[in-house]
Amino acid sequence: MQLQHLLGIEPLHPHNITAILDLADHYADQNRSGVRKSDALAGCTQINMFFENSTRTQASFEIAGKRLGADVMNMAMQASSIKKGETLIDTALTLNAMHPDLLVVRHPHSGAVDLLAQKVNCAVLNAGDGRHEHPTQALLDALTIRRSKGRLHRLNIAICGDIAHSRVARSNLILLGKMENRIRLVGPETLMPAEIGAFGAEVFHDMEEGLKDVDVVMMLRLQRERMDGGFIPSEREYYHRYGLNAEKLSHAKPDAIVMHPGPMNRGVEIDGEIADDLNRSVIQEQVEMGVSVRMAAMDILMRNRRQAATEAKL
Amino acid sequence: MTSLRITNVHLVDPEHQTVEFGNLSIKNGRIAADDPALPSFDGQRKYLAPGIVDMGAKVCEPGERHKESFRSAGLSAAAGGVTTLVTRPDTDPAIDSPETLEFASRRAQATCAVRSYQMAALTKGRLGKEMTEIGFLQDAGAIAFSDCDAVITNTKVLSRALTYARQLGALIIGHPQDPGLSEGAAATSGKFATLRAIPAVSPMAERLGLERDLAMVEMTGAKYHADQLSTALALPSLERAKRQGLDVTAGVSIHHLTLNELDVADYRSFFKVKPPLRSEEDRLAMISALASGLIDIISSMHTPQDEESKRLPYEQAASGAVALETLLPAALRLYHAEHLDLPQLFRALSLNPSRRLGLDSGRLSLGAPADLILFDPDVPFVLDRFSLQSKSKNTPFDGQRLQGRVLATFVGGQEVYAR
């Protein structure tokens with residue numbers, strides 16, 4: 001079955017993941033060259049619906065769409081009809097009636113993008129739903145790892161911080177697991193979801209132990225806006241125990257890379273110097289790969305749509 | 001025609017735990033000694049059982065009649081074999097004064113096809129601050145008192161309400177749930193909730209709530225029924241309280257007996273109920289507790305919701321499911337799976353709730369009200385939610401294969417439903 005939507009990593013097969021990454025690699029090279037534009041999505045209408053504030057992800061999707069020649073429209077949903085009491089499904093049906101080809105959706109509730117995808121007949125791309133999934137983030141992380149480590153399997157990868165509230169962690173855990181890596185989750189018990197051990201990862205509460213001999217250190221943002229009270233005693237205690245600094249990083253492999261999905265809280269989960277260290281940090285490259293991965297994902301979804309439409313005619 | 005003789009039936013008797021083939025005579029609305037002279041009604045070798053006494057269905061009058069009225073609930077109950085409908089006070093406004101109670105009972109009397117009794121709130125507005133006029137409400141016909149899913153957090157308020165209720169012999173129905181732990185939760189914590197990233201509550205919250213309530217019952221001597229237990233963790237507490245001789249009973253909803261958390265699958269909001277669906281181990285523990293008699297009562301926890309309240313992302317969607325018409329077919333799954341036999345099933349559906357509420361139905365004995373259902377436990381069908389009589393169609397059993405349905409329902413010997 002070919003992908004019609006990209007709602008999460010969970011439904012993907014490893015070969016789907018590899019296909020997206022291979023195409024993204026091609027777009028990454030193209031983006032670095034002089035000719036960045038192509039016409040893969042010429043004539044397509046892409047609508048970015050963000051029910052939750054985002055600058056970085058929205059910009060990345062917008063640039064990706066424009067580089068592929070799509071007509072891109074941004075809708076700040078918080079300021080619009082939702083305020084007037086319209087439900088998610090009605091908003092979706094309204095937009096659907098305008099015949100878009102691609103909806104890029106971010107929503108504060110888990111499962112909301114799945115629900116929306118059931119109600120429209122265009123491709124839907126999940127740009128983050130609640131704490132559930134953020135598939136393009138996991139794909140861009142995977143591409144970044146593959147480019148700097150030369151492979152995406154049999155690596156030791158530590159994901160550190162607020163696992164419970166992080167869709168990035170969930171998508172990464174699933175993707176990296178599917179690609180056969182060893183994953184460690186590092187963080188305080190209060191920020192671990194229930195029975196997370198059942199997902200095939202090792203859980204560490206001591207960061208130095210958790211970082212021992214890893215190839216990749218993936219830091220997560222401490223989602224302060226999600227904290228409805230008292231998961232950690234204080235920011236400074238958190239930084240002391242779980243903030244990434246040179247000392248803690250020295251337990252990882254000497255060539256370990258440091259990643260962060262952004263935006264960073266310097267001095268809360270990561271030391272500023274580490275974040276800026278070009279020999280260790282690939283944080284800027286992650287942003288760069290974000291555009292390439294999104295171009296690849298949208299390109300593949302559109303091709304599959306066209307193919308399905310052609311087959312339907314036959 | 002309140003006098004007739006139902007012939008040629010298997011009589012399911014929950015009081016004596018028997019199923020016998022025979023006839024049953026009704027005179028003046030009550031079960032009478034067998035009299036071949038009465039006009040006969042051929043039961044076609046199907047099963048006759050005491051009608052279901054459903055404790056705690058929600059009828060949305062006053063406030064949200066578009067979701068369910070006494071008329072639609074009555075039709076739904078009759079079609080589902082529920083002959084006594086005990087309604088919850090969690091309406092809008094809450095049934096917390098003799099005036100609102102009188103309104104609800106008047107609507108019930110005028111339009112409901114089956115017997116209906118009303119519960120009243122234990123505290124004003126179900127806010128957990130001041131007790132309602134328990135005495136006046138009892139005089140006006142309140143059959144039990146409950147704040148439903150609004151747990152009274154202030155134990156001083158609760159202890160006084162329980163003490164006052166005890167003095168009047170009123171039955172209190174509690175919702176065992178720790179309000180702190182369960183705040184904002186829409187699933188049971190565990191692997192599934194983590195995978196779907198739904199805010200979740202530990203099953204321990206139910207035990208915490210139950211333990212607290214049982215301690216308060218021990219302190220005040222009140223007559224207490226836990227509306228729905230759903231976790232294995234809570235059962236030892238219940239068992240201890242019963243062994244101790246407290247006046248305590250417990251119920252379980254049909255959904256927690258027949259569904260588990262995995263049924264939510266891809267965020268299907270019709271499976272969002274309160275408390276949330278539990279693990280399969282919990283479901284099996286509930287069934288064993290029901291078979292052993294530790295859990296006394298099965299209830300529908302009928303909660304109508306309109307399409308708009310359910311057409312939302314899972315976390316935002318309203319909780320609850322309609323169940324009056326699916327209660328019996330779903331409960332028969334336990335019979336077909338050989339977890340319980342028919343007399344055991346009707347002990348929990350009819351006899352026990354009737355006894356707990358101080359009614360005299362739920363039995364096939366001489367003199368009992370002729371509230372009866374004729375049903376075929378084996379007939380298979382696929383449920384179409386739009387075929388339901390209820391105004392709301394939010395059933396988790398839509399499209400599912402069920403086995404067994406009601407053929408006729410009698411209230412006081414009067415046929416109120418025939419298929």
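B:P62 sits in the loop of chain B that runs between β6 (52–57) and α1 (70–80). The bond that leads into this proline, from B:E61 to B:P62, is a cis peptide bond with omega of about 0°. The model described here is predicted.

Chain B has a second bond of this kind. B:K274 and B:P275 are joined by a cis peptide bond, and omega there is near -5°. B:P275 belongs to the loop between α9 (254–258) and α10 (280–292) of chain B. Another backbone feature of chain B concerns B:R45, a residue that is not a glycine and yet has a positive phi of about 60°. B:R45 is placed in the loop between β4 (40–42) and β5 (47–50) of chain B. As background, most residues other than glycine have a negative phi, and most peptide bonds are trans.

**Sheets of chain A**

Chain A contains an open sheet of four strands in the order β2-β1-β3-β4, with parallel pairing. Its edges are formed by β2 (71–76) and β4 (123–129) of chain A; each has a single partner strand, so one side of each is left without a neighbour in the sheet. Between neighbouring strands of this sheet the turn is 15° on average, direction ignored. Strand β1 (residues 45–50) of chain A runs parallel to β2(A) and is joined to it by six bridges. One of the residues involved is A:F50, whose bridge partner in β2(A) is A:A76.

An open sheet of five strands is also found in chain A, with the order β7-β6-β5-β8-β9 and parallel pairing. At its edges stand β7 (202–204) and β9 (257–259) of chain A, and each of these pairs on one side only. The twist in this sheet averages 20° from one strand to the next. Inside it, strand β5 (residues 156–160) and strand β6 (residues 182–186) of chain A run parallel and are joined by five bridges. A:C160 stands opposite A:V186 in β6(A).

**Strand pairs of chain B**

Parallel pairing occurs in chain B as well. Strand β10 (residues 171–174) of chain B is joined by four bridges to strand β13 (residues 223–226) of chain B. B:I172 has B:Y224 as its bridge partner in β13(B). β13(B) also pairs with strand β14 (residues 248–253) of chain B, in the parallel sense and over three bridges. There B:Y224 has B:V248 of β14(B) as its bridge partner. B:Y224 of β13(B) is thus matched with B:I172 and with B:V248.

The table lists the strand pairs named above.

| Strand pair | Bridges | Residue pair |
|---|---|---|
| β1(A) and β2(A) | six bridges | A:F50 and A:A76 |
| β5(A) and β6(A) | five bridges | A:C160 and A:V186 |
| β10(B) and β13(B) | four bridges | B:I172 and B:Y224 |
| β13(B) and β14(B) | three bridges | B:Y224 and B:V248 |

**Contact between the chains**

The two chains meet through 15 residues from chain B and 21 residues from chain A. Together they bury about 1,700 Å², and 59% of this lies on carbon and sulfur atoms. Of the area that chain B buries against chain A, 32% is supplied by B:T194, B:Y267 and B:R311, more than by any other three residues.

Two salt bridges are counted between chain B and chain A. B:R196 forms a salt bridge with A:E10, and the closest N and O atoms of the two are 3.1 Å apart. Eight residue pairs are in polar contact across the interface, counting pairs with both residues at pLDDT 80 or more. Helix α6 (residues 191–196) of chain B gives four residues to the side of chain B that touches chain A, the largest share of that side. Sorted by class, this side of chain B has six nonpolar, four polar and five charged residues.

**Salt bridges in the whole structure**

Over all chains, a search of the whole structure finds 42 salt bridges. One of them is formed by A:D25 and A:R146, with the closest N and O atoms 3.2 Å apart. This pair links distant parts of the chain: A:D25 belongs to helix α1 (residues 14–32) of chain A and A:R146 to helix α5 (residues 135–149) of chain A, the two residues being 121 residues apart.

Conventions:
Residues are numbered from 1 along each chain as its sequence is written. Chains are lettered from A and ligands numbered from 1 in the order in which they are written. This is a predicted model: local features need pLDDT of at least 70, side-chain atom pairs count only at pLDDT 80 or more; totals for chains, interfaces and linings use all residues. Side-chain values use heavy atoms; hydrogens and water are left out. Two strands pair if DSSP finds at least two bridges between them. Axes are lines fitted to C-alpha atoms, for helices over the stretch in contact, and angles run from 0 to 180 degrees between N-to-C directions. Contact means heavy atoms within 4.5 Å. Buried area is the accessible area (1.4 Å probe) that two parts lose on being put together, summed over both. A salt bridge is a side-chain nitrogen of Lys or Arg within 4 Å of a carboxyl oxygen of Asp or Glu. A polar contact is a pair of N or O atoms within 3.5 Å; within protein, one must be able to donate a hydrogen and the other to accept it, and residues adjacent in sequence count only if both atoms are side-chain atoms. Ala, Val, Leu, Ile, Met, Phe, Trp, Tyr, Cys and Pro count as nonpolar, Asp, Glu, Lys and Arg as charged, and the others, Gly among them, as polar.
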